[in-house]
Amino acid sequence: MNFNRVVIKVGSALVAPQGNGCSGQHILSIASFITQCHQAGKEVILVSSGSVAAGRQLIQHGSPNPSIPAKQAMAAVGQMKMMANWQRFFDEPCSQLLITHGDLKDRNRYINIRNTLRILLENKIIPVVNENDTVATEELKVGDNDNLAALVAMVSEADCLLILSDVDGVYDQDPRNNPNANKFKVIEKITPEIYAMAGGSQNHIATGGMKTKIQAAEKAIENGIATYILDGAKPEAFEQLLQGKNPGTLFTPQASVTKAKKHWLKHTLKSAGQLVLDQGASQALTSKGASLLASGITDVIGHFDVGESIEMVCHAKQQVIAKGISQYNSRDLEKLKGKHSDAFEDILGFCPSKVIVHRDDLVLLIGQEQGAKS
């Protein structure tokens, strides 16, 4: 298994294969794979569809095509059943994160989601993510869990995305209609021709088809995340993954997650301000690969918000040594500079993070040798 942190997207057809209520029919082998990943020291985040299907039989709707309020009610009751269904297969505790596209677009909420996922994984808790169907309006919906999984992989800085479905990869024709269809084992570049081969979903309880899976793969590989599409109903697929084999279609990333993020931080994001650091903080960043703490900040320059890019300046050398994403806005940092993190709660009344710039959100700018340590 050549990954360290993986996001696994599980489709409705696997969670609720009959379309009414949850089942362990396919979930058991998926859970077993996740357990083996944990035993190998890998981190796993689940993005699970199936809440509407899980609650479908409990909400009277009188139609094969329920209304949006009926579906939202199904999701509300189905989330409980879906979570209980997952939890029964693990010794580790599971956690639930319900998010919308609006959460991912909002800078503060994006940072909060990332921090929450980090802490859950550090505490060996399995995050189970789903779109918040009960409250999401059309303009705030991701719309399908394939693309949501790609966004979660990006937020969590995963290096692998597994999209589990009822098909085992991308074919040049629909394999359900043509037994001579050929499967692509590896796709290095997503072209219009690849999209042209993707049809819609044939599952009435699913919100996406092969097209949304390719869209998700495109998002992921652009951010250095290797992506597989495979048949989650086949236990042998997970055995092959554990052996380092490819049981489906692999979309190869153009660069590693680390390189992709460092490039993004260094070259794409425009800095909104600067933090001036004392010698100790400067040395901790450049020599020890540390996160930036408030105690080492001597001055705050500019006006910036949570989640914006900032430069870190060594006061002694008057040199920009790093760029990164701030966990606090400039107004709060004026109050926190030079202070210990234990005092944040007393000063601000809250403490979303004990660090100002996490080491995972930081790139060094003072030479390739030192940059490699970042």
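**Exercise 1. Is S49 buried or exposed, going by its relative accessibility?** Then work out where S49 sits and what it touches.

*Solution.* Keep in mind that you're working with a predicted model.

Step 1: get the number. S49 has 9% relative accessibility.

Step 2: compare it with the cut-off. Buried means under 20% relative accessible area, so S49 counts as buried.

Step 3: find its place. S49 is in the loop between strand 2 (43-48) and helix 3 (51-55).

Step 4: look at the company it keeps. If you skip neighbours within four places in sequence, S49 is in contact with K9, V10, G11, S12, V15, M82 and N145.

Step 5: check the record. An unreviewed UniProt entry has a "binding site" annotation covering S49, D133 and N145. N145 is also among the contacts of S49. Another "binding site" feature in UniProt, again from an unreviewed entry, includes K9, and K9 is one of the residues S49 touches.

**Exercise 2. Find I45 and D166, then describe the surroundings of each.**

*Solution.* Step 1: start with I45, which is part of strand 2. Its relative accessible area is 0%, so I45 is buried.

Step 2: list its contacts. Leaving out residues within four places in sequence, I45 is in contact with V6, V7, I8, L117, L121, P127, V129, V152 and S156.

Step 3: move on to D166. You'll find D166 in the loop between strand 5 (160-165) and strand 6 (170-171). With a relative accessible area of 39%, D166 is partly exposed. UniProt (unreviewed entry) includes D166 in a "binding site" feature, along with S165, T207 and G208, among others.

Step 4: compare chain and space. I45 and D166 are 121 residues apart along the chain, and their C-alpha atoms are separated by 20 Å.

**Exercise 3. How do helix 6 and helix 7 cross, and which residues make the contact?**

*Solution.* Step 1: know what to look for. Two packed helices are described by the angle between their axes and the distance between the axes.

Step 2: read off both values. The axes of helix 6 (residues 107-122) and helix 7 (residues 145-156) come within 9 Å, and they cross at roughly 75 degrees.

Step 3: name the arrangement. Angles of 65 to 115 degrees count as roughly perpendicular, and that is what helix 6 is to helix 7.

Step 4: pick out the residues. Helix 6 brings Y110, I113, R114 and L117 to the contact, while helix 7 brings M154, V155 and S156.

Step 5: sort them by class. The contact has 5 nonpolar residues, 1 polar and 1 charged.

Step 6: link back to Exercise 2. L117 and S156 take part in this helix contact, and I45 touches both L117 and S156.

**Exercise 4. How many aromatic pairs are there, and how are the rings of two of them arranged?**

*Solution.* Step 1: count. With ring centres within 6.5 Å as the rule, there are 3 aromatic pairs.

Step 2: take W86 and F90. Their ring centres are 6.4 Å apart and their planes are at 20 degrees, so this pair is stacked. W86 and F90 are both buried.

Step 3: take Y328 and F344. Here it's 5.8 Å centre to centre with 80 degrees between the planes, which is edge-to-face.

Step 4: place the second pair. Y328 is in the loop between strand 14 (319-325) and helix 13 (330-336), and F344 is in helix 14 (residues 344-348), so the pair ties together parts that are 16 residues apart in sequence. Both Y328 and F344 are buried.

**Exercise 5. What is special about phi of K124 and of Q318?**

*Solution.* Step 1: check K124. Its phi is near 60 degrees, a positive value in a residue other than glycine. K124 lies in the loop between helix 6 and strand 4 (126-131), and at 62% relative accessibility it counts as exposed.

Step 2: check Q318. Phi is near 50 degrees there, again positive in a residue other than glycine. Q318 belongs to the loop between strand 13 (309-314) and strand 14. Its 60% relative accessibility makes Q318 exposed.

Step 3: look at the annotation. UniProt (unreviewed entry) lists residues 273-357 as "domain: PUA". That span is 26% helix and 27% strand, with its end C-alpha atoms 13 Å apart.

Methods:
Residues are numbered from 1 along each chain as its sequence is written. This is a predicted model: local features need pLDDT of at least 70, side-chain atom pairs count only at pLDDT 80 or more; totals for chains, interfaces and linings use all residues. Side-chain values use heavy atoms; hydrogens and water are left out. Axes are lines fitted to C-alpha atoms, for helices over the stretch in contact, and angles run from 0 to 180 degrees between N-to-C directions. Helices (H or I, at least four residues) and strands (E, at least two) are DSSP runs, numbered from the N terminus. Angles under 35 degrees count as roughly parallel, over 145 as roughly antiparallel, 65 to 115 as roughly perpendicular and the rest as oblique. Contact means heavy atoms within 4.5 Å. Ala, Val, Leu, Ile, Met, Phe, Trp, Tyr, Cys and Pro count as nonpolar, Asp, Glu, Lys and Arg as charged, and the others, Gly among them, as polar. UniProt positions are given in the numbering used here, feature names are shortened, and annotations may be inferred rather than shown by experiment. Rings of Phe, Tyr and Trp (its six-membered ring) pair if their centres lie within 6.5 Å; planes under 30 degrees apart count as stacked, over 60 as edge-to-face and the rest as tilted. Buried means under 20% relative accessible area, exposed over 50%, partly exposed in between (1.4 Å probe, protein chains only).
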